[in-house]
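User: I am new to this structure and would like a close look at a single part of it. Please choose one part, go through it carefully, and explain how it relates to the rest.

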Amino acid sequence: MTPLEAARLYGSIAAKTLGQATGAPADPTRDFTRFLREELAQAGETLARGEQVARAGLTGRASVQEVVEAVTAAELALERVTAVRDRVIAAYQEILRMPI
């Protein structure tokens, strides 16, 4: 089982469980894979913006405050992606340890 398959399985189980817990039907269009894809795209955009603003700051086209805000946002995005990655890997490893 690949990490992506494990993430899909985890997402489908979580969606079903959350749907049952709240009494509302699970929204199949908002699955875990889509969530990850959107978060990664947003993080990539934030990192790219941080780089652009940092370059603009070096050439004097952006203020120090703009550079600090963009770099801090990029750092937070990277930390969030790393945390999600760590959780997915931990879930995958937990699935591997399950008895068959």
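Analyst: Accessible areas here come from the Shrake-Rupley method with a 1.4 Å probe. On that basis the protein exposes about 7,600 Å², and carbon and sulfur atoms supply 61% of this area. Of its 100 residues, 18% count as buried.

The model is predicted. Its mean pLDDT is 82, and 74% of the residues reach 70 or more. The secondary structure consists of 3 helices and 0 strands, and from the N terminus on the elements run α-α-α. Among these elements, α3 has the highest mean pLDDT, 92, while helix α1 (residues 3-22) has the lowest, 65. The part examined here is therefore α3, given its place at the top of that ranking.

Start with the length of α3. The helix has 34 residues, and at 1.5 Å a residue they should span 50 Å. The C-alpha atoms at its two ends are 49 Å apart, which agrees with that expectation.

Next, which residues of α3 are buried? They are Val 67, Ala 70, Ala 74, Ala 77, Val 88 and Tyr 92. Val 67 and Ala 70 from this group also belong to the largest nonpolar core, which has 5 residues and further includes Val 53, Ala 56 and Ala 62. The elements that give two or more residues to this core are α2 (32-58) and α3 (64-97). Val 67 shows how the packing works at the level of one residue. Leaving aside residues up to four places away in sequence, Val 67 touches Val 53, Ala 54, Gly 57 and Ala 62. Two of its partners, Val 53 and Ala 62, are themselves members of the core.

The charged side chains of α3 come next. The structure has 4 salt bridges by the rule used here. One of them is formed by Glu 39 and Arg 80, whose closest N and O atoms are 3.2 Å apart. This pair links distant parts of the chain, since Glu 39 is in helix α2 and Arg 80 in helix α3, 41 residues apart. Are its two ends buried, exposed or partly exposed? Glu 39 counts as partly exposed because its relative accessibility is 23%, and Arg 80 does so because its value is 35%. For both, the cut-offs that matter are under 20% for buried and over 50% for exposed.

Another salt bridge joins the side chains of Asp 86 and Arg 85, with N and O 2.7 Å apart. Asp 86 is partly exposed at 39% relative accessibility, and Arg 85 is partly exposed as well, at 47%.

A further salt bridge connects Glu 94 with Arg 97, the closest N and O atoms being 3.0 Å apart. Both residues lie in helix α3, 3 residues apart, which is about one turn of the helix. Their exposure falls in separate classes: Glu 94 is partly exposed at 42%, whereas Arg 97 is exposed because its relative accessible area is 56%.

To place α3 in the whole chain, consider the contacts with a separation of 6 or more. Residues 24 or more positions apart account for 56% of them. Helix α3 takes part in a link of this kind through Arg 80, which pairs with Glu 39 in helix α2 across 41 residues. Together with α2, α3 also supplies two or more residues to the largest nonpolar core.

Notes. Residues are numbered from 1 along each chain as its sequence is written. This is a predicted model: local features need pLDDT of at least 70, side-chain atom pairs count only at pLDDT 80 or more; totals for chains, interfaces and linings use all residues. Side-chain values use heavy atoms; hydrogens and water are left out. A nonpolar core is a set of buried Ala, Val, Leu, Ile, Met, Phe, Trp, Tyr and Cys residues joined through side-chain atoms within 4.5 Å. Buried means under 20% relative accessible area, exposed over 50%, partly exposed in between (1.4 Å probe, protein chains only). Helices (H or I, at least four residues) and strands (E, at least two) are DSSP runs, numbered from the N terminus. Contact means heavy atoms within 4.5 Å. The expected span of a helix is 1.5 Å times one less than its number of residues. pLDDT is the predictor's confidence in each residue, from 0 to 100.
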